[in-house]
Each structure stands twice: as structure tokens, then as C-alpha cells.
Amino acid sequence: MSAKSNKGGAQAPLLGSKIRLNIEKLAIGGAGVARHEGMVVFVPQAAPNEEVLAEVTLVKKNFVEAKLVEVLKPSPFRREPPCLVANVCGGCNWQHITEDEQRRQKEKLVLETIQKFNRGVEFEYLPIQESPRVLRYRNRIQPKFKHNRFGFFARNSHDIVEINDCPITESALTDKFGEVKEWLKEKNSKDLQRLEMYISEEGPVRYGLINEDDDGIGFSQVNRFQNEDLVHTALSWAGEEKYEQVFDLYAGSGNFTFPFAQKYPEAQITGVELNPKLVERAKSRIQGQRVKYFLSDVETYMRRASIGKQDLVLLDPPRAGASELIMRTLAAAQPKKIIYISCHPVSLARDLNWFFAWSQKLGTRMKLTRVQAFEMFPQTDHVETIAELRVDS
Ligand SMILES: C[S@@+](CC[C@H](N)C(=O)[O-])C[C@H]1O[C@@H](n2cnc3c(N)ncnc32)[C@H](O)[C@@H]1O
């Protein structure tokens, strides 16, 4: 086996070889990023500004993956994780990094990703919004149980890491772990049991078994403390203008729909959501004729949607983002304002790129006015972002 070089002349290290690396920053997905003879190397569990010894586990044309073997010179941002099983559990990947640095990395990642996909697009970039809680913030979890072991899947594996606590989860849930384990033991099943535990909207903790392809209660914002800030920011960015219609695309059970209906009492409000459980929950909250909820795929809905120039569109898709057709339809409609809430910077950046490409082709004029990252998932590499587009006047 010999070292390979790619088109740019970078030399790939050999599979299984151990290399010294300086970690420059963190990447989407959570790994540390370093360069080795011109080649980008991703090292999970590394921290920014540290020197590590890593073993090469995967060699691709344009990048390499390596496993952390030893921290040679620790990062100033490395710390003892608050969770006892952080090094093995598949749940959190940034517990070994201080919270200030986690936020700094996320702020940088969101900006770099948007700029990479949208060269020359200028916008105001606001400082990342901190989460009111960095621990004990999760109100919904999906633990596993097998052979009397209760916990979460280990990193890159279906082995169960046993837990008695989970420091990122609200204590109303962790206090129930003992009761849940007893309940599971009584079932006497040899099969893997997947379950969901959550704090219900009414207050009490609920739990139950779910299937492999079941998403349990369906989507709900897992950090209710930070969700308040997010909804508040979306409302404030929507502003004091008058809108004829407000569209809430990917509306869930109405997290944004109902606060917007309250703020804009003269507007017609439309929620679009694919999950029947969530649509049913939202419909049970509707009073009067002004709020309409559709059980539909957003793309299908967009083919018949009549979005006008006096309207507001909220968009809060899952990690995969929206689609070219959706962004094209929005670019053509040119509503007064679009507020895009994203849980994945890459799909947000790609969707914005589609939007601007279509705006240019169609000769419409909307610009990206402001963007802010939100720390919604402390101790992990996940980040929420809110972006505002409005007509360029
Ligand atoms: C990130 S969540 C946002 C939900 C809601 N805005 C909230 O804050 O609770 C994305 C939502 O999109 C829904 N969804 C996923 N794919 C969809 C599609 N193709 N069309 C409509 N809704 C979809 C999911 O069920 C989920 O409720």
C-alpha cells in the first residue's frame, strides 16, 4: 500500500497509520478538523487548538477520517465532561468542550456554511443566542432497554451504554428512570425495547414503547427554555407590519402558528404539516375560522398555494431542509417577508442558494437581511439558525 495524492497534489496518509495533527476548528458533524500534507482530516472527540495523535481509519479522495489516540497538547477549551458516560454514549459529542467554545464554534460554522454556498451575499450576522440552560434542558428522550440494560446506544453502535442519569435531560424525566426500568423488567422481553419519555404539554411525564420507524409523539422542540426565545425572536423579526396571510410551513403542532395568529389578528393563518398526530393536536387548538391547518407535504401544498406580496412565510423544515421547488415558488411569489428557521446549516445554506439563483432568473428582488444562530442543543454539535429574507426596497 502506498500513500495516494489527490488532484490538488495533497498526500493522503496510509490507512492505519498514526499521525500528529493540530486541530484547527470543529466541523458540522462534530469532529475536529486538521490538515495533513494538504489533506483535510476529521477527528471525532478532538477539541479546537490542540495537538493530537490520531489513527487513520478512512481514506477518501478529498478527506481522511482518523480516530483520536492521544491528546498531546490539550486545547484550552477541553474540559472534564459533566456526564460520566460522555466518552462512550452516542448522545452528546461536545461534552469535552467548554460551553463558551461550543457556542463560538457554532457561530463560526453557521456563518462559514452560509457564505460558502452563497458567495457575495451580504447580511447582518447577529451573535449566537445562548441557551438559558446548558444542562437539564431536554424534555424528550428516546432511551433503549435490552437484557436489563437501560440507557442510550453507544457511539456508532447498537450496544447500550447504561445510565442512571442524563445531565442534559430535565430532572422531571431522569427522576423517573428507576420506575421506567422496573416497568421494562416486568415486560420480560428479550427484544430491544425502544421507548420515548417526555414532559407532556399538560405537565406530567409520559413514557411508552415505540417502534423502530416510529417517531413517538412526533416532533416537538426539545429545549423549551430556548424555544421561548426562538418564538419570541421570530415574532419580533416579523415586526409590526400588517400581513394579509401568514403561512407556517412545516408547522408541527403549532409552535409558531398560534403565537403568530395572536400577534396578527387580522391575518389569515395557514399551517402545513405532514405528521397526522401533530395536525390533529394543532386542530384541537384552533378556535374560529382564521387558522387553517393542512395535512400535506409542503412541496405538494406549494403547487397550489397562493402566496401574495402582502404575506409572511415561516419555514421550519427538518434537517433535510426544503427543496428547490419550494425555494423557487417562494422566490417567484416574493412575499413581504420570509423567516426561515433551520436545524441544519448546510440545508439552510443550500436552500438560500436555490432561492437566490431563482430570484435572479425570475428577476425578483428579495435579500437576506439578518441571520442568527441559536444554541438550542448544548453539549452537541447541533445548532438552530433563524434567517430573514425581505423585499429589497
Ligand atoms: C423542525 S420541525 C418544526 C415543527 C414546528 N415548526 C415546531 O417548531 O414545533 C419540522 C416539521 O416538519 C414536518 N415535516 C417533515 N417533512 C415534511 C414535509 N415534507 N411536509 C410537511 N411537513 C413535514 C415534521 O413532521 C416536523 O413536524
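Helix 1 gives the largest share of the lining of the second largest pocket: five residues. The model is predicted. The space in this pocket comes to about 300 Å³. Two elements give two or more residues each to its lining, namely strand 2 (25–26) and helix 1 (99–117).

Now find the lining residues by name. Lys-25, Leu-26, Ala-27, Ile-28 and Val-33 are among them. So are Leu-109, Glu-112, Thr-113, Lys-116 and Phe-117. Val-346 also belongs to the lining. By character, seven of the lining residues are nonpolar, one is polar and three are charged. Which domains supply this lining? Domain 1 (18–73) and domain 2 (101–132 + 222–391) each give at least three residues.

Two of the lining residues, Lys-25 and Glu-112, also pair with each other in a salt bridge. Their closest N and O atoms are 3.2 Å apart. Side chains of opposite charge can pair when their charged atoms come close. Where do the two partners sit? Glu-112 lies in helix 1 and Lys-25 in strand 2, so the salt bridge ties together parts that are 87 residues apart in sequence. The model's count of salt bridges comes to 25, with a nitrogen-to-oxygen cut-off of 4 Å.

Strand 2 leads on to a sheet. Six strands form an open sheet in the order 1-5-6-4-3-2, and the pairing is mixed. Strand 1 (18–23) and strand 2 stand at the edges. Each has a single partner strand, so one side of each is left without a neighbour in the sheet.

Move inward along that order to strands 5 and 6. Strand 5 (residues 50–59) and strand 6 (residues 63–73) run antiparallel, joined by eight bridges. Within this pair, Glu-51 stands opposite Lys-73 of strand 6. In a regular strand the side chains alternate between the two faces of the sheet.

Further along the chain, look at strands 15 and 16. How do they pair? Strand 15 (residues 268–273) and strand 16 (residues 291–295) pair in the parallel sense, over five bridges. One bridge partner is easy to pick out: Val-272 is matched with Phe-294 in strand 16. Between the two strands, the chain crosses through helix 6 (residues 276–283). This β-α-β crossover is right-handed.

Terms used. Residues are numbered from 1 along each chain as its sequence is written. This is a predicted model: local features need pLDDT of at least 70, side-chain atom pairs count only at pLDDT 80 or more; totals for chains, interfaces and linings use all residues. Side-chain values use heavy atoms; hydrogens and water are left out. On a 1 Å grid over the protein atoms alone, a cavity is a set of points where a 1.4 Å probe fits but cannot get out, and a pocket is an open set with protein on both sides within 12 Å along at least five of seven lines; lining residues have an atom within 4 Å of a point. Grid points are joined across faces, edges and corners, and a volume is the space filled by probe spheres set on the points. Helices (H or I, at least four residues) and strands (E, at least two) are DSSP runs, numbered from the N terminus. Ala, Val, Leu, Ile, Met, Phe, Trp, Tyr, Cys and Pro count as nonpolar, Asp, Glu, Lys and Arg as charged, and the others, Gly among them, as polar. Domain bounds come from an automatic or database domain assignment. Two strands pair if DSSP finds at least two bridges between them. A crossover is right-handed if, with the strands pointing away from the viewer, the path from the first strand over the helix to the second runs clockwise. A salt bridge is a side-chain nitrogen of Lys or Arg within 4 Å of a carboxyl oxygen of Asp or Glu.
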